[in-house]
Amino acid sequence: MTIEGNEIRREMILNMGPQHPATHGVLRLLLHLEGEVVKKNIPIIGYLHRGVEKLGEHRTYLQNIVFTDRLDYTASMCNNLSYALAVEKLCGIEVPERARVIRVIMAELQRIAAHLLWLGTYALDIGAMSVFFYCFREREKILDMFEMISGQRLTPSYICIGGVRRDITDQFLEALRVFCDTFNDYVRDYENLLTKNPIWVERLKDVAVLSAEDAINWGTTGPVLRASGVKFDFRRATPYCGYENYEFDIPIGTKGDCYDRYLVRVEEMRQSNRILKQAMKDIPDGPIMADVPFITLPPKDQVMNNIESLIKHFKIAAGLFQVPKGEVYSSIENPKGELGFYIVSDGSSKPYRMRIKSSCFVNLSALPFMTQGCLVADLIAALGSIDIVLGEVDR
Amino acid sequence: MITVTIDGREIQTEPGKTILEVARANGIYIPTLCFLEDLLPIGACRLCIVEVDGYDQPQPSCVQVVTDGMNIRTTTEKLLEMRRDILKLLLLDHPLDCPICDKAAECKLQDLVYELGYDRAIAEGSVGVPMLHKPPVKWSTIGINYFPSRCVACQRCVHVCLERVGCGVLEAGKEDGTPRIFPAHPEKCIACGECLSVCPVGALTEAVSPLKARPWEKTKTKTVCPYCGVGCVIELNVASGQVIKVTTDEAVPPNYGTLCVKGRFGFEFINSDKRLTKPLIRQGGSFREVSWDEALNYVAKKLKEIKEKHGASAIAGLCSARCTNEDNYVFQKFMRAVIGTNNVDHCARL
Ligand code: SF4
Ligand code: SF4
Ligand code: FES
């Protein structure tokens, strides 16, 4: 309770998080409440800060891959890809066609997995329990596929500098085909459960509205930006990995509220499936790794049989190599928005500086603005709708 | 003064020098494998070949002496191709040992692969049967392991033993058609480890104290060898707080890169658990660990008693060559000025 002038204001300060199931990780929101109304909302971040950028300066280009998995850990493949693209740009590496297509497949599978995770947990936030089970059922299939090719479900480190680590198998392709054929039906199921569900609509419509202008001014990217009606997608704007060869639509919203964000993400899953189907159709033959001695790892079977490859492998693994001097920035469309890597190289085997541009961080900064004056219950809906992962916010 | 042209650069130099010397003095890089600065040219590896006008064949630059008006090219496509071929022959029967090889990351062969294989493969694909690890064979001293399969037959060890050490223990020969080194006169070996220190690859490695850390895990600290009065410069290779190896610096007097058996191998005592690190007092048949205060008081008391009873010359002081000069100075001063005796000695025979 505070007294301002002659007025007595009943303001309550409340900590939401860092241990709170709806803050999706260790985020703390410092809320100034008047009754149920959020007067002020200050996100306090840093609980998951692991110093990934600083660590990057002390690890070789090769070793840094595994840190990228742990940024937005719901989208490890895409993080790998963004980092690999930045290093490839620095070193001028041409990635073989086959690897590029495999990368697109992985990135789109990962996008679907990330959106499924979001949809399931978001519905849970709002109180719809069953959607969660359906979403995780399909996500599980994708993780199984990841495990098939990389041995890892969550942190595959599969996409690496110069290409991908292992070739895809027939078993993987078969699983992918089955997934693609059936997935749209599943999306229809989710929509049947939610899209016209009156509670769902009531809870999301007109909540946490962000106009197109504000969305741009706050620097948001990804589904948050598109839900506000801005047709911007890095896959279209600055295509990488051959995205210009695939047909897909960029879904946008009209209003920029939570409901639009929901619709945009659901449609994105369908579009990703569309890309997957095209990519799967003709995967070119050829190598999966560029052959740049002393930067890209030689194939494992060569390392085990050939002293020259063994020496190359040793030198790379031990960090005894050099990359060109220079600085690069490269960014891609991650499930949550723009993920960019800015790398300054002094010519040694470790980055001089590695800066990560995180969409989660930027999108989260817009949260106080869009939740000004809303109800506490709506805050949950708003926070969930921007889809953040603290691993990437805090880095 | 004569004038030679290297890679289009005119260079004034004294007659009688080799092409390699002139090139290095002028900052022109030529790869080498067997060349050692203070020895006569060995001429075994042929990696240092250059093209010289007037010769049909490329010439080894570490052997060929410059003459007036010579026109030399050090890096042409043909030379690079030939160097790659030479390297390829070395790689063909080299075992897949890097991960378990003591020399890895400081290995000249690895460096040459890095250098010459940077933009294209040297022998990739052309290797039939992978060469597997073979155990070491006997060398002229137990302190050193010899892995013939890793040997690149550069003969540095042979020549250093003959010219620098003056022992002539080693001989180059062949076994089943493959060149290797034979410790032909082991009785002459003084176990100095010079051969070990010049081996560019992991063919000769330390047997008593095998490698415990890779180069990037260790730091080198320059210091003076504590053994004899020559005072050689040594570098202590330290990893996780332990000395794991002793090397030296070729550019620094008095030893210019050489060491003897004690300086090179005699460092394990530093981390020995048999060393005394705390004062002990003998009581009955066993020792009791005591504090420094108690120990010093005890010694002072006893010394005083002896001096009063039997005189100062009943006491003698024995110190150690392993202590610093300053420590030894203070010690003898203490014996003479405080105790009052000239009975001072130490073990200068390590
Ligand atoms: S000598 Fe060099 S190339 Fe041969 S195994 Fe040892 S480190 Fe590898
Ligand atoms: S043992 Fe070492 S120094 Fe001697 S010839 Fe072989 S590679 Fe050269
Ligand atoms: S360095 Fe000249 S032949 Fe070996």
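A residue counts as buried when its relative accessible area is under 20%. With that cut-off in hand, helix α8 of chain B makes a good starting point in this predicted model. In α8(B), the buried residues are Asn328(B), Gln332(B), Met335(B) and Ile339(B). Their spacing along the chain follows a simple rule. An α-helix has 3.6 residues a turn, so residues three or four places apart point the same way. What do the buried residues of α8(B) pack against? Their partners, again in chain B, are helix α7 (292–310) and the strands β15 (317–319) and β16. The length of the helix can be checked too: with 15 residues at 1.5 Å a residue, α8(B) should span 21 Å, and its end C-alpha atoms are 20 Å apart, which agrees.

The stretch that follows the helix is worth a look. Just after α8(B) comes Gly340(B), with a positive phi of about 90°. Thr341(B) sits in the loop that links α8 (325–339) to β16 (344–346) in chain B. Is Thr341(B) buried or exposed? Thr341(B) is buried, because its relative accessibility is 4% and the cut-off is 20%. Its side chain reaches the backbone oxygen of Ile315(B) at 3.5 Å. A polar atom of that same Thr341(B) side chain also lies 3.0 Å from the backbone nitrogen of Asn343(B). Beyond its neighbours within four places in sequence, Thr341(B) is in contact with Ala312(B), Ser313(B), Ile315(B), Met335(B) and Arg336(B). Met335(B) turned up earlier, as one of the buried residues of α8(B).

Stepping back, chain B is divided into three parts: domain 1 covers 2–75, domain 2 covers 211–275 and domain 3 covers 280–346. How far apart are the C-alpha centres of domain 1 and domain 3 of chain B? They lie 63 Å apart.

Another buried residue of chain B is Arg264(B), found in helix α6 (residues 261–265). Arg264(B) counts as buried because its relative accessible area is 3%, against a limit of 20%. Which partners does its side chain have? One polar atom of the Arg264(B) side chain lies 2.9 Å from the backbone oxygen of Cys192(B). There is also a polar contact, at 2.4 Å, between the side chains of Arg264(B) and Glu194(B). Leaving out residues within four places in sequence, the contacts of Arg264(B) include Gly193(B), Leu196(B), Ser197(B) and Val246(B).

Glu289(B) gives the opposite picture. This residue belongs to strand β14 (residues 286–289) of chain B, and it counts as exposed because its relative accessibility is 52%, where the cut-off is over 50%. Not counting residues up to four places away in sequence, Glu289(B) touches Lys278(B), Pro279(B) and Leu280(B). Between Glu289(B) and Asn237(B), the separation is 52 residues in sequence and 32 Å in space, C-alpha to C-alpha.

Chain B also has a neat hairpin to follow by eye. Strands β7 (residues 170–175) and β8 (residues 178–183) of chain B pair in the antiparallel sense over six bridges. Within this pair, Glu171(B) stands opposite Phe182(B). Two residues lie between β7(B) and β8(B), and Asp176(B) in the turn has a positive phi of about 50°.

Over in chain A, three strands form an open sheet in the order β8-β9-β10, with antiparallel pairing. Which strands are at the edges? They are β8 (326–334) and β10 (351–357) of chain A, each of which pairs on one side only. From one strand to the next, the twist averages 15°. The pairing between β9 (residues 337–345) of chain A and β10(A) is antiparallel and runs over six bridges, and Gly340(A) stands opposite Lys357(A) of β10(A). Helix α3 (residues 76–91) of chain A lies across all of β8, β9 and β10 of that chain, running at about 150° to β8(A).

Last comes helix α16 (residues 376–386) of chain A, which is mostly covered: 10 of its 11 residues are buried. Among them are Val376(A), Asp378(A), Leu379(A) and Ile380(A). Just after α16(A), Asp387(A) takes a positive phi of about 55°.

Terms used
Residues are numbered from 1 along each chain as its sequence is written. Chains are lettered from A and ligands numbered from 1 in the order in which they are written. This is a predicted model: local features need pLDDT of at least 70, side-chain atom pairs count only at pLDDT 80 or more; totals for chains, interfaces and linings use all residues. Side-chain values use heavy atoms; hydrogens and water are left out. Helices (H or I, at least four residues) and strands (E, at least two) are DSSP runs, numbered from the N terminus. Buried means under 20% relative accessible area, exposed over 50%, partly exposed in between (1.4 Å probe, protein chains only). A polar contact is a pair of N or O atoms within 3.5 Å; within protein, one must be able to donate a hydrogen and the other to accept it, and residues adjacent in sequence count only if both atoms are side-chain atoms. Contact means heavy atoms within 4.5 Å. Two strands pair if DSSP finds at least two bridges between them. Axes are lines fitted to C-alpha atoms, for helices over the stretch in contact, and angles run from 0 to 180 degrees between N-to-C directions. Domain bounds come from an automatic or database domain assignment. The expected span of a helix is 1.5 Å times one less than its number of residues.
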